[in-house]
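Below are some points on the model you sent, set out in the order in which I would read it. Please have the coordinates open while going through them.

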Amino acid sequence: MWDFCTEPEFQEKLDWMAAFVRDECEPLDLLFPRPGDPYDVQNKASRAILAPLREKVKEQGLWACHLGPELGGQGFGQLKLALMNEILGRSQWAPTVFGTAAPDTGNAEILALYGTEAQKARYLQPLLEGNIVSTFSMTEPQGGSDPKEFVCKATRDGDEWVIDGEKWFSSHARYASFFIVMVVTDPDAKPYERMSMLIVPAETPGIEIIRNVATMNERDDLDEGTEGYIRYNQVRVPLDAMLGAPGEGFKVAQARLGGGRVHHAMRVVGKCQRAFDMMCERALSRRTQGKLLSEHQFVQGFIADSAIQLQQFRLLVLQTAWIIDNQPHGAARTHIAMCKVALAAVLHDVLQRAVQLHGSLGTTQETPLGPWWAYAPQLALADGPTEVHKAAVAKGMLRGYDPAPGLFPTEHIPTRRAAARARYAALLEEHGL
Ligand SMILES: Cc1cc2nc3c(=O)[nH]c(=O)nc-3n(C[C@H](O)[C@H](O)[C@H](O)COP(=O)(O)OP(=O)(O)OC[C@H]3O[C@@H](n4cnc5c(N)ncnc54)[C@H](O)[C@@H]3O)c2cc1C
């Protein structure tokens, strides 16, 4: 059955969310606009505004909805979560207000899946309550896309693991209470069994943040950077700091990305929709050559191309969420990779047109378009580069095909025509063909 309807009771929740995000979360975006601000748990002013908003979200039963019911979530399923994330994507602060900010969501997922009871009590609980933030420390300065290049290692010394090496782009490390660090524990094992995950409290001696690297939307001179370049100098943690078993680092890392990528993709839809709304308003407000921008065909092209691209992408993401909800585990893998590829391209294209339609104003920091536009390259890299995901899409698609049985393709017309002639030989002969 194909059905694009939303249940009326759930639509009411979405309507509440849309109004709440616009009226209550977007003011936080304006007051605390730096990318790191939602993660800065020490900022008393932003936290004072945040706390009562979170209570309202909890009263609505919408707090940390990505979690399964066993962890206090609603068990909504991915399709509903996708629709919710579309709304959250309109505001930088909304995921923090609703308890669904990355990378804490992914870190919470792997703690829930692989954590011992003691690890859950110490790290998962305060994370779920939104009292702390965490970091996922995997990428290294010499290699990101291919984890087989990682060299940061942990060696066993008595009843401790000793971590030695560097990590790069450990987001929000400066604000985190603990880091989940991917380390080589058995360099001689098969490539995908060499690594393990360790949970490292931020106060552990030997953690050195070399610098907080600033992205395009952050000012290095104002120390706004949020991407931690970290050196782990003989950092010691007890043996029970391991998340999962030794050698399970890849498995644990994979577990945190599935649903999260779909949510992320829908947040991009929400952001692009807001840029699209701005584009349409501008086209109807501004005049040139004696007529409105909206009456010029180039501008109509911008609007039509953006609407089509956005709608195609939205449907792809919703279908992916539906597959996760309705088909066996793993069935959505190729679709998730498609969403990951498309999200960076769609945001790039829609934002480029929106900036262009706003003329000089579009290039300033006086609208949200500039920072969103500068976000596009990050989207094409975070969680793995576009090229790697494209290769995964191609491999997934090719799995459903076989090579041609002979010299020519199965669609080769002379070969097929000969087969058709042989099939109807008697009839064709009867009619003199
Ligand atoms: C905003 C942001 C936040 C991030 N947060 C985190 C975080 O919290 N924790 C963390 O551990 N990491 C994080 N990362 C790092 C991210 O995972 C890496 O940037 C990503 O995996 C790519 O690694 P790299 O940057 O080293 O690029 P490289 O591996 O050097 O790749 C560079 C380019 O080479 C090409 N390339 C690479 N591999 C292939 C291939 N197989 N086929 C074809 N071309 C290829 C692609 O064009 C790619 O963009 C974050 C990145 C960004 C941008």
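1. Among contacts in the protein between residues at least 6 apart in sequence, what percentage join residues at least 24 apart? In this predicted model, the share is 70%.

2. As to the overall make-up, the protein has 433 residues, of which 38% are buried, and its secondary structure consists of 15 helices and 10 strands. Taken along the principal axes, the box filled by the C-alpha atoms comes to roughly 90 × 65 × 45 Å.

3. The ligand is surrounded by 20 residues, and those that come nearest are Met-138, Gly-144, Ser-145, Ser-171 and Pro-385. Two or more residues of this shell are given by each of strand E1 (134-137), strand E3 (160-171) and helix H13 (386-398). Sorted by class, the shell holds 9 nonpolar residues, 10 polar residues and 1 charged residue.

4. Where does the ligand lie with respect to domain 2 (134-246) and domain 3 (257-398)? Because both of these domains give residues to the shell, the ligand lies between them.

5. Helix H2 (residues 44-59) allows a simple check of geometry, since its 16 residues, at 1.5 Å a residue, should span 22 Å, and the 23 Å between its end C-alpha atoms agrees with that expectation. Just after H2, the backbone at Gly-61 takes a positive phi of about 70 degrees, a detail that may be looked at together with the helix.

Definitions and conventions:
Residues numbered from 1 in each chain as written. Predicted model: local features only at pLDDT ≥ 70, side-chain atom pairs only at ≥ 80, totals over all residues. Near = placed C-beta within 6 Å. Helix = DSSP H or I, 4+ residues; strand = E, 2+ residues; numbered from the N terminus. Nonpolar A, V, L, I, M, F, W, Y, C, P; charged D, E, K, R; others polar. Domains from an automatic or database assignment. Expected span 1.5 Å × (residues − 1). Buried ≥ 20, exposed ≤ 12 C-beta atoms within 10 Å, placed from the backbone. Contact = placed C-beta atoms within 7 Å.
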